[in-house]
Protein chains: 2
Amino acid sequence: MMVSASTASGLDSYGFMAGILPSACPSRTVLDHVTSKWGVLILLALSAQDRRWGELRRTVQGVSEKMLAQTLRTLEADGFVQRDAQPTIPPRVDYRLTPRGREVADRLLPLMEWIAANADAIVAGRPAG
Amino acid sequence: MMVSASTASGLDSYGFMAGILPSACPSRTVLDHVTSKWGVLILLALSAQDRRWGELRRTVQGVSEKMLAQTLRTLEADGFVQRDAQPTIPPRVDYRLTPRGREVADRLLPLMEWIAANADAIVAGRPAG
DNA sequence: CGGTATCCCCCTCGATACTG
DNA sequence: CAGTATCGAGGGGGATACCG
(Lines give C-alpha, C1' and ligand atoms only; values in the text may rest on other atoms or scores of the structure.)
Protein backbone atom coordinates (compact mmCIF):
# COMPACT_ATOMS: atom_id res chain seq x y z
CA MET A 1 0.00 0.00 0.00
CA MET A 2 1.23 3.41 -0.90
CA VAL A 3 0.84 6.52 1.17
CA SER A 4 1.72 10.05 0.11
CA ALA A 5 5.40 10.28 0.92
CA SER A 6 5.26 13.83 2.22
CA THR A 7 2.88 13.01 5.05
CA ALA A 8 3.89 9.49 5.97
CA SER A 9 7.60 10.20 6.13
CA GLY A 10 6.95 13.29 8.19
CA LEU A 11 5.20 11.27 10.83
CA ASP A 12 7.66 8.43 10.85
CA SER A 13 10.48 10.86 11.41
CA TYR A 14 8.93 11.62 14.80
CA GLY A 15 8.60 7.93 15.62
CA PHE A 16 4.80 7.91 15.62
CA MET A 17 4.06 4.71 13.89
CA ALA A 18 5.58 2.08 16.15
CA GLY A 19 3.51 3.05 19.16
CA ILE A 20 1.43 6.08 18.42
CA LEU A 21 2.07 9.03 20.70
CA PRO A 22 3.20 6.90 23.68
CA SER A 23 0.87 7.47 26.62
CA ALA A 24 3.41 9.35 28.72
CA CYS A 25 4.57 11.71 26.00
CA PRO A 26 3.83 15.46 26.02
CA SER A 27 2.10 15.29 22.63
CA ARG A 28 -0.86 13.56 24.23
CA THR A 29 -1.68 16.47 26.51
CA VAL A 30 -1.31 19.02 23.72
CA LEU A 31 -3.44 16.86 21.46
CA ASP A 32 -6.13 16.59 24.13
CA HIS A 33 -6.24 20.37 24.55
CA VAL A 34 -6.31 21.16 20.85
CA THR A 35 -8.92 18.55 19.97
CA SER A 36 -11.05 19.06 23.07
CA LYS A 37 -14.76 19.55 22.43
CA TRP A 38 -14.61 23.34 22.89
CA GLY A 39 -10.94 23.91 22.12
CA VAL A 40 -11.41 23.21 18.42
CA LEU A 41 -14.36 25.55 18.12
CA ILE A 42 -12.69 28.36 20.06
CA LEU A 43 -9.54 28.16 17.97
CA LEU A 44 -11.68 28.21 14.86
CA ALA A 45 -13.69 31.20 16.07
CA LEU A 46 -10.52 33.14 16.82
CA SER A 47 -8.92 32.19 13.53
CA ALA A 48 -11.47 34.32 11.72
CA GLN A 49 -10.96 37.36 13.93
CA ASP A 50 -10.06 38.54 17.41
CA ARG A 51 -13.06 38.37 19.71
CA ARG A 52 -14.23 39.64 23.07
CA TRP A 53 -15.44 37.30 25.80
CA GLY A 54 -19.13 37.88 25.15
CA GLU A 55 -18.72 37.63 21.41
CA LEU A 56 -16.89 34.34 21.85
CA ARG A 57 -19.65 33.04 24.07
CA ARG A 58 -22.24 33.90 21.45
CA THR A 59 -20.20 32.62 18.52
CA VAL A 60 -19.33 29.26 19.99
CA GLN A 61 -22.92 28.16 20.45
CA GLY A 62 -23.67 25.93 23.38
CA VAL A 63 -20.55 26.61 25.43
CA SER A 64 -21.14 27.38 29.10
CA GLU A 65 -19.32 30.21 30.83
CA LYS A 66 -17.41 27.72 32.89
CA MET A 67 -16.16 25.72 29.94
CA LEU A 68 -15.35 28.84 27.95
CA ALA A 69 -13.22 30.20 30.79
CA GLN A 70 -11.60 26.84 31.47
CA THR A 71 -10.79 26.14 27.84
CA LEU A 72 -9.47 29.66 27.26
CA ARG A 73 -7.15 29.28 30.26
CA THR A 74 -5.86 25.98 28.91
CA LEU A 75 -5.29 27.40 25.42
CA GLU A 76 -3.59 30.42 26.97
CA ALA A 77 -1.32 28.22 29.09
CA ASP A 78 -0.30 26.33 25.96
CA GLY A 79 0.50 29.61 24.22
CA PHE A 80 -2.20 29.36 21.55
CA VAL A 81 -4.29 32.28 22.74
CA GLN A 82 -3.37 35.67 24.09
CA ARG A 83 -5.62 37.41 26.58
CA ASP A 84 -5.74 41.19 26.47
CA ALA A 85 -7.62 42.74 29.41
CA GLN A 86 -8.28 46.45 29.62
CA PRO A 87 -8.92 47.77 33.16
CA THR A 88 -11.81 49.97 32.09
CA ILE A 89 -15.31 50.11 33.48
CA PRO A 90 -17.02 48.13 32.22
CA PRO A 91 -14.08 45.76 31.67
CA ARG A 92 -13.13 44.74 28.17
CA VAL A 93 -11.18 41.60 27.39
CA ASP A 94 -10.06 40.59 23.94
CA TYR A 95 -8.74 37.21 22.90
CA ARG A 96 -6.53 36.67 19.90
CA LEU A 97 -4.50 33.83 18.43
CA THR A 98 -0.76 33.91 19.00
CA PRO A 99 1.49 33.03 16.05
CA ARG A 100 1.62 29.52 17.51
CA GLY A 101 -2.16 29.47 17.73
CA ARG A 102 -2.43 30.47 14.12
CA GLU A 103 -0.18 27.61 13.09
CA VAL A 104 -2.50 25.17 14.81
CA ALA A 105 -5.64 26.85 13.49
CA ASP A 106 -4.28 26.68 9.94
CA ARG A 107 -4.01 22.92 10.34
CA LEU A 108 -7.45 22.67 11.90
CA LEU A 109 -9.21 24.58 9.13
CA PRO A 110 -8.92 21.98 6.35
CA LEU A 111 -10.28 19.34 8.72
CA MET A 112 -13.23 21.50 9.70
CA GLU A 113 -14.00 22.39 6.11
CA TRP A 114 -14.02 18.74 5.16
CA ILE A 115 -16.31 17.85 8.05
CA ALA A 116 -18.70 20.69 7.21
CA ALA A 117 -18.83 19.57 3.60
CA ASN A 118 -19.38 15.90 4.40
CA ALA A 119 -21.32 15.84 7.68
CA ASP A 120 -24.73 15.51 6.08
CA ALA A 121 -23.71 12.51 4.00
CA ILE A 122 -22.04 10.88 7.01
CA VAL A 123 -25.01 11.32 9.32
CA ALA A 124 -27.39 10.16 6.59
CA GLY A 125 -25.37 6.98 6.16
CA ARG A 126 -25.28 6.03 9.85
CA PRO A 127 -27.08 2.83 10.80
CA ALA A 128 -30.47 3.42 12.37
CA GLY A 129 -30.45 3.91 16.13
CA MET B 1 -6.52 41.69 9.43
CA MET B 2 -5.84 39.49 6.45
CA VAL B 3 -6.34 35.75 6.37
CA SER B 4 -5.27 33.43 3.60
CA ALA B 5 -8.17 33.59 1.18
CA SER B 6 -8.13 29.89 0.40
CA THR B 7 -8.92 28.81 3.94
CA ALA B 8 -11.09 31.67 5.19
CA SER B 9 -13.35 31.77 2.18
CA GLY B 10 -13.73 28.03 2.30
CA LEU B 11 -15.11 28.15 5.80
CA ASP B 12 -17.31 31.15 5.23
CA SER B 13 -18.90 29.45 2.28
CA TYR B 14 -20.25 26.86 4.70
CA GLY B 15 -21.52 29.59 7.02
CA PHE B 16 -19.19 28.77 9.90
CA MET B 17 -18.18 32.15 11.04
CA ALA B 18 -21.42 33.76 12.21
CA GLY B 19 -22.21 31.06 14.74
CA ILE B 20 -19.65 28.33 14.60
CA LEU B 21 -21.08 24.90 13.88
CA PRO B 22 -24.49 25.60 15.45
CA SER B 23 -25.10 23.25 18.34
CA ALA B 24 -27.83 21.30 16.60
CA CYS B 25 -25.97 20.74 13.34
CA PRO B 26 -24.67 17.33 12.20
CA SER B 27 -21.11 18.61 11.95
CA ARG B 28 -20.85 18.70 15.72
CA THR B 29 -21.38 14.97 16.11
CA VAL B 30 -18.94 14.12 13.33
CA LEU B 31 -16.41 16.52 14.82
CA ASP B 32 -16.80 14.93 18.24
CA HIS B 33 -16.20 11.45 16.82
CA VAL B 34 -13.20 12.42 14.73
CA THR B 35 -11.53 14.46 17.45
CA SER B 36 -12.42 12.13 20.31
CA LYS B 37 -9.58 11.11 22.59
CA TRP B 38 -9.08 7.71 20.95
CA GLY B 39 -10.65 8.44 17.56
CA VAL B 40 -7.75 10.61 16.45
CA LEU B 41 -5.16 8.04 17.44
CA ILE B 42 -6.99 5.15 15.85
CA LEU B 43 -7.43 6.99 12.55
CA LEU B 44 -3.77 7.87 12.65
CA ALA B 45 -2.73 4.30 13.38
CA LEU B 46 -4.82 3.02 10.48
CA SER B 47 -3.56 5.70 8.12
CA ALA B 48 -0.12 4.11 8.19
CA GLN B 49 -1.38 0.59 7.48
CA ASP B 50 -4.28 -1.78 7.96
CA ARG B 51 -4.15 -3.39 11.37
CA ARG B 52 -5.63 -6.29 13.30
CA TRP B 53 -7.46 -5.80 16.57
CA GLY B 54 -4.57 -6.84 18.77
CA GLU B 55 -2.10 -4.81 16.79
CA LEU B 56 -4.33 -1.78 17.13
CA ARG B 57 -4.58 -2.32 20.84
CA ARG B 58 -0.80 -2.43 21.17
CA THR B 59 -0.18 0.48 18.81
CA VAL B 60 -2.61 2.89 20.40
CA GLN B 61 -0.99 2.79 23.81
CA GLY B 62 -3.24 3.20 26.79
CA VAL B 63 -6.55 2.37 25.13
CA SER B 64 -8.75 -0.11 26.98
CA GLU B 65 -10.52 -2.90 25.13
CA LYS B 66 -13.84 -1.27 25.86
CA MET B 67 -12.88 2.09 24.41
CA LEU B 68 -11.15 0.51 21.42
CA ALA B 69 -14.27 -1.45 20.58
CA GLN B 70 -16.56 1.49 21.22
CA THR B 71 -14.50 3.93 19.18
CA LEU B 72 -14.08 1.48 16.31
CA ARG B 73 -17.84 0.97 16.19
CA THR B 74 -18.39 4.72 16.06
CA LEU B 75 -15.81 5.20 13.32
CA GLU B 76 -17.34 2.31 11.41
CA ALA B 77 -20.84 3.76 11.73
CA ASP B 78 -19.55 7.05 10.33
CA GLY B 79 -18.00 5.20 7.40
CA PHE B 80 -14.39 6.00 8.25
CA VAL B 81 -13.29 2.47 9.06
CA GLN B 82 -14.09 -0.86 7.47
CA ARG B 83 -14.15 -4.01 9.55
CA ASP B 84 -13.10 -7.23 7.87
CA ALA B 85 -13.76 -10.34 9.95
CA GLN B 86 -12.62 -13.78 8.84
CA PRO B 87 -14.54 -16.69 10.39
CA THR B 88 -11.42 -18.76 11.00
CA ILE B 89 -10.25 -20.31 14.21
CA PRO B 90 -8.73 -18.43 15.81
CA PRO B 91 -10.71 -15.49 14.43
CA ARG B 92 -8.91 -12.77 12.55
CA VAL B 93 -10.29 -9.25 12.19
CA ASP B 94 -8.66 -6.54 10.16
CA TYR B 95 -9.49 -2.86 10.22
CA ARG B 96 -8.75 -0.51 7.36
CA LEU B 97 -9.59 3.06 6.43
CA THR B 98 -12.32 3.57 3.86
CA PRO B 99 -11.72 6.20 1.17
CA ARG B 100 -13.69 8.59 3.35
CA GLY B 101 -11.54 7.66 6.32
CA ARG B 102 -8.42 8.39 4.33
CA GLU B 103 -9.71 11.83 3.45
CA VAL B 104 -10.12 12.61 7.12
CA ALA B 105 -6.79 11.06 8.06
CA ASP B 106 -5.03 13.11 5.41
CA ARG B 107 -6.35 16.24 7.10
CA LEU B 108 -5.42 14.95 10.55
CA LEU B 109 -1.82 14.15 9.66
CA PRO B 110 -0.51 17.72 9.27
CA LEU B 111 -2.03 18.60 12.63
CA MET B 112 -0.43 15.62 14.32
CA GLU B 113 2.93 16.32 12.76
CA TRP B 114 2.82 19.89 13.99
CA ILE B 115 1.87 18.80 17.49
CA ALA B 116 4.63 16.21 17.59
CA ALA B 117 7.17 18.78 16.45
CA ASN B 118 6.07 21.44 18.92
CA ALA B 119 4.81 19.57 21.98
CA ASP B 120 8.06 19.79 23.92
CA ALA B 121 8.28 23.55 23.53
CA ILE B 122 4.62 23.98 24.46
CA VAL B 123 4.85 21.87 27.60
CA ALA B 124 8.09 23.55 28.61
CA GLY B 125 6.44 26.95 28.33
CA ARG B 126 3.41 26.12 30.46
CA PRO B 127 3.07 28.04 33.73
CA ALA B 128 4.11 26.04 36.79
CA GLY B 129 1.34 23.95 38.35
C1' DC C 1 -7.64 -14.34 19.16
C1' DG C 2 -11.19 -11.06 19.31
C1' DG C 3 -14.39 -9.68 21.35
C1' DT C 4 -19.09 -8.62 24.81
C1' DA C 5 -21.26 -7.71 29.44
C1' DT C 6 -21.29 -5.76 33.85
C1' DC C 7 -20.07 -2.98 37.68
C1' DC C 8 -18.81 1.30 39.48
C1' DC C 9 -15.78 5.24 40.30
C1' DC C 10 -14.38 9.63 39.16
C1' DC C 11 -14.16 13.65 36.55
C1' DT C 12 -16.31 16.49 33.35
C1' DC C 13 -19.63 19.50 32.60
C1' DG C 14 -23.99 22.30 33.14
C1' DA C 15 -26.82 25.12 36.28
C1' DT C 16 -27.05 28.48 39.52
C1' DA C 17 -25.60 32.15 42.28
C1' DC C 18 -22.54 35.73 43.28
C1' DT C 19 -18.67 39.61 42.36
C1' DG C 20 -15.53 43.64 40.73
C1' DC D 1 -19.21 43.16 30.90
C1' DA D 2 -16.35 39.53 32.34
C1' DG D 3 -15.78 36.56 35.00
C1' DT D 4 -15.39 33.09 39.84
C1' DA D 5 -17.50 29.64 43.27
C1' DT D 6 -20.02 25.87 44.39
C1' DC D 7 -22.77 21.87 43.81
C1' DG D 8 -24.79 17.82 41.88
C1' DA D 9 -26.02 14.72 37.96
C1' DG D 10 -24.31 11.93 34.15
C1' DG D 11 -21.54 9.44 31.49
C1' DG D 12 -16.84 8.45 30.01
C1' DG D 13 -13.89 5.03 30.85
C1' DG D 14 -11.18 1.38 33.62
C1' DA D 15 -11.37 -3.36 35.77
C1' DT D 16 -13.02 -7.67 35.70
C1' DA D 17 -15.34 -11.65 34.13
C1' DC D 18 -17.03 -14.33 30.57
C1' DC D 19 -17.90 -16.20 25.41
C1' DG D 20 -17.28 -18.11 20.30
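**Reading a protein–DNA model**

Biologist: How far is a phosphate oxygen of DNA strand C from an N or O atom in the side chain of Arg52(B)?

Modeller: That distance is 2.5 Å. Please keep in mind that this is a predicted model. Tyr95(B) offers a second case: an N or O atom of its side chain lies 3.1 Å from a phosphate oxygen of the strand. At Gly54(B) the partner is a polar backbone atom instead, 3.3 Å from a phosphate oxygen.

Biologist: Which elements give two or more residues to the surface near DNA strand C?

Modeller: Chain A supplies α5 (65-77), while chain B supplies α4 (53-59), α5 (65-77) and β3 (92-97). The biggest contribution comes from α5(B), with 4 residues.

Biologist: How many residues surround DNA strand C, and which are the closest?

Modeller: There are 18, and the closest are Lys66(A), Met67(A), Arg52(B), Trp53(B) and Arg83(B). By residue class, this surface has 9 nonpolar, 2 polar and 7 charged members. You can also look from the DNA side: sugar or phosphate accounts for 63% of the strand's atoms within 4 Å of the protein, and bases for the rest.

Biologist: Let's move to the protein interior. Which residues touch the most other members of the largest nonpolar core?

Modeller: Phe80(A) and Phe80(B) do, in a core of 70 residues. Setting aside residues up to four places away in sequence, Phe80(A) touches partners in both chains, including Val30(A), Leu43(A) and Val104(A) as well as Trp114(B) and Ile122(B).

Biologist: Thr35(A) lies in a loop. Is Thr35(A) buried or exposed?

Modeller: The cut-off for buried is under 20% relative accessible area. Thr35(A) has 10%, so it counts as buried. Its loop runs between α2 (26-34) and α3 (37-48) of chain A. Beyond its neighbours within four places in sequence, Thr35(A) is in contact with Val40(A), Thr35(B) and Leu111(B). Its side chain also reaches the backbone oxygen of Leu31(A) at 2.7 Å.

Biologist: What separation do the C-alpha atoms of Thr35(A) and Gln49(A) have?

Modeller: They are 20 Å apart, for two residues separated by 14 places along the chain.

Biologist: One last feature: how many disulfides are there over all chains?

Modeller: In general, a disulfide is a covalent bond linking the sulfur atoms of two cysteines. Here the count is 0 over all chains. You can still find cysteines to inspect: Cys25(A) is buried at 18% relative accessibility, and Cys25(B) is buried at 17%.

How values were computed: Residues are numbered from 1 along each chain as its sequence is written. Chains are lettered from A and ligands numbered from 1 in the order in which they are written. This is a predicted model: local features need pLDDT of at least 70, side-chain atom pairs count only at pLDDT 80 or more; totals for chains, interfaces and linings use all residues. Side-chain values use heavy atoms; hydrogens and water are left out. A nonpolar core is a set of buried Ala, Val, Leu, Ile, Met, Phe, Trp, Tyr and Cys residues joined through side-chain atoms within 4.5 Å. Buried means under 20% relative accessible area, exposed over 50%, partly exposed in between (1.4 Å probe, protein chains only). Contact means heavy atoms within 4.5 Å. A residue is near a molecule or strand if one of its heavy atoms lies within 4 Å of it. A polar contact is a pair of N or O atoms within 3.5 Å; within protein, one must be able to donate a hydrogen and the other to accept it, and residues adjacent in sequence count only if both atoms are side-chain atoms. Ala, Val, Leu, Ile, Met, Phe, Trp, Tyr, Cys and Pro count as nonpolar, Asp, Glu, Lys and Arg as charged, and the others, Gly among them, as polar. A disulfide is a pair of cysteine sulfur atoms within 2.5 Å.
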